[in-house]
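User: I'd like to go through how these two chains meet. Can you walk me through the reasoning?

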Protein chains: 2
Amino acid sequence: MKTPFEHPPLADAEHPATRWMGLIEYDGTNFEGWQSQPQGKSVQDALEARLKFILRSDIRVHGSGRTDGGVHSRGQVFHLDAHWPHEPERFLKALRSGLPPTIRIVWLKPAKPTFHARYSVKRKRYVYQLYLGFAPPDETRYRWSLGDLKVDLEAMEKAASHLRGLHDFTSFVASNGGEGRNPVRNLKRLQIKVKGPRMSITVESDGFLYKMVRSIVGYLVAVGWGRVHPDETPALLEAKVRSERVPSAPARGLFLEKVFY
Amino acid sequence: MKTPFEHPPLADAEHPATRWMGLIEYDGTNFEGWQSQPQGKSVQDALEARLKFILRSDIRVHGSGRTDGGVHSRGQVFHLDAHWPHEPERFLKALRSGLPPTIRIVWLKPAKPTFHARYSVKRKRYVYQLYLGFAPPDETRYRWSLGDLKVDLEAMEKAASHLRGLHDFTSFVASNGGEGRNPVRNLKRLQIKVKGPRMSITVESDGFLYKMVRSIVGYLVAVGWGRVHPDETPALLEAKVRSERVPSAPARGLFLEKVFY
């Protein structure tokens with residue numbers, strides 16, 4: 001079912017490149033994250049390899065930001081510069097057809113030359129999926145199963161209320177990354193939803209630090225399990241140091257849901 | 001989160017074994033099917049290894065029937081004979097806790113000694129999941145994406161109506177298996193449902209031949225794509241020989257949904 005297409009001429013002075021933006025979903029299970037890796041096992045590598053095949057030149061793809069290995073996307077946005085003389089719809093088809101099924105480009109369209117997938121970001125939304133009990137096998141790649149342990153939702157809600165808003169999130173950054181970045185972030189949304197055994201935690205902010213969402217989720221679950229009291233949250237934020245009270249939730253439950261520009 | 005338990009005494013004259021039956025769900029993606037394999041990569045192998053660890057003896061697990069590599073289960077039933085002197089609930093917990101997350105035992109309970117997971121089967125239901133277009137990445141392991149090609153639903157319905165009921169299904173058996181079995185089966189249900197881009201085909205019968213469901217689904221899709229005319233179906237059944245008009249649908253869309261006893 002490959003779409004036949006003529007190889008377009010390379011971009012040059014006569015054939016200027018256009019800026020394109022696209023929305024890309026992926027199942028991160030078998031990728032080493034979004035960002036290009038020496039071993040070439042990232043989503044970006046898969047996209048760039050496909051672009052090279054179509055356009056016969058090295059095209060760099062810029063994402064809205066990284067996602068770690070095992071993290072999924074329903075809303076990653078990227079941009080690239082390429083000369084494509086045919087209809088835009090055919091560019092999308094050509095790009096799609098050679099990608100693995102765990103990657104889906106939802107749309108691709110010409111963008112303003114000033115648009116930048118990373119620098120133009122205004123806000124991002126992540127959703128973390130959990131399961132109270134043991135998830136059905138076809139959901140285990142996309143949810144963190146909390147098993148038999150009881151979860152105190154009220155305590156989680158209370159801890160969440162302490163985290164919302166403008167804070168220094170140093171205590172919720174993985175210690176092996178994110179040094180030197182401004183740790184003050186505005187957590188505009190932190191919402192816990194429960195529907196039967198399925199729980200989701202939606203987090204929205206103008207910016208995220210390294211593994212911040214997984215740290216927040218890991219902490220909320222630790223509170224839900226009674227390992228930390230929710231009223232300890234303000235002191236934890238104040239301490240500005242990562243501690244054992246803030247475990248990281250596994251990557252598999254995390255989705256980059258939407259990027260706002 | 002392992003459940004602590006005392007090792008039960010081995011079954012012997014003083015400690016007779018009980019027959020147990022259980023419902024098991026699994027994601028077949030990374031298993032070589034249900035049935036025990038020399039390499040030990042089947043679901044049955046995983047269960048038997050866990051039983052050996054708990055009961056310190058070789059316990060044989062009997063399923064309602066095989067499922068091929070890559071085929072999933074929401075309704076596989078098994079039985080086994082074991083002596084378990086504690087509460088039944090603890091047997092379930094002990095069995096569950098050491099299995100990979102892609103296997104979930106839903107329940108486990110004592111059964112009548114005459115119950116046999118395979119011989120007592122009255123009817124089975126399979127569901128095959130498809131996607132009209134390209135499935136979202138987190139559904140690709142559980143659906144067959146039909147891509148850009150248009151599908152004629154009316155033609156599929158017509159072909160399905162020819163297949164329902166009592167027929168010799170030799171034309172819908174994989175040529176490399178099922179020889180010597182009675183090829184006459186009563187297809188009590190063959191239902192195509194569409195909800196947005198998601199299609200499911202439910203098949204119910206008193207018995208299935210080797211790869212029969214995937215052959216029926218592959219054929220219905222070939223009809224939907226206009227490669228075979230639905231009115232050719234009666235002649236195809238009459239021919240009693242597997243032909244190229246009956247391709248096999250990929251394993252990943254198939255679920256053993258329910259076993260009736």
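**How the chains meet**

Analyst: Sure. Keep in mind that this is a predicted model. Between chain B and chain A there are six residue pairs in polar contact, both partners at pLDDT 80 or more. On the side of chain B that touches chain A, the elements giving two or more residues are strand E1 (18-26), helix H2 (88-97) and strand E4 (103-110). By class, that side of chain B has 13 nonpolar, four polar and nine charged residues.

User: What makes Lys93(A) and Asp148(B) a salt bridge?

Analyst: The closest N and O atoms of Lys93(A) and Asp148(B) are 4.0 Å apart. The rule asks for a Lys or Arg side-chain nitrogen within 4 Å of an Asp or Glu carboxyl oxygen, so the pair is called a salt bridge. Across the interface of chain B and chain A, the rule finds four salt bridges.

User: How much area do chain B and chain A bury between them?

Analyst: About 2000 Å², with 56% of it on carbon and sulfur atoms. In chain B, Arg104(B), Pro137(B) and Arg141(B) lose the most area to chain A, together 30% of what that side buries.

User: How do you know which symmetry relates chain B to chain A?

Analyst: Chain B superposes on chain A by a rotation of 180° with 0.0 Å of shift along the axis, at an RMSD of 0.0 Å. That is the relation of a two-fold axis.

User: And why say the copies meet through the same surface?

Analyst: Because 100% of the interface residues of chain B are also interface residues in chain A. In contact terms, 26 residues of chain B touch 27 residues of chain A.

Definitions and conventions: Residues numbered from 1 in each chain as written. Chains lettered and ligands numbered in written order. Predicted model: local features only at pLDDT ≥ 70, side-chain atom pairs only at ≥ 80, totals over all residues. Heavy atoms only, no water. Contact = heavy atoms within 4.5 Å. Buried area = accessible area lost by both parts, 1.4 Å probe. Polar contact = N/O pair within 3.5 Å; in protein donor to acceptor, adjacent residues only side chain to side chain. Helix = DSSP H or I, 4+ residues; strand = E, 2+ residues; numbered from the N terminus. Nonpolar A, V, L, I, M, F, W, Y, C, P; charged D, E, K, R; others polar. Least-squares fit on C-alpha atoms with pLDDT ≥ 70 in both.
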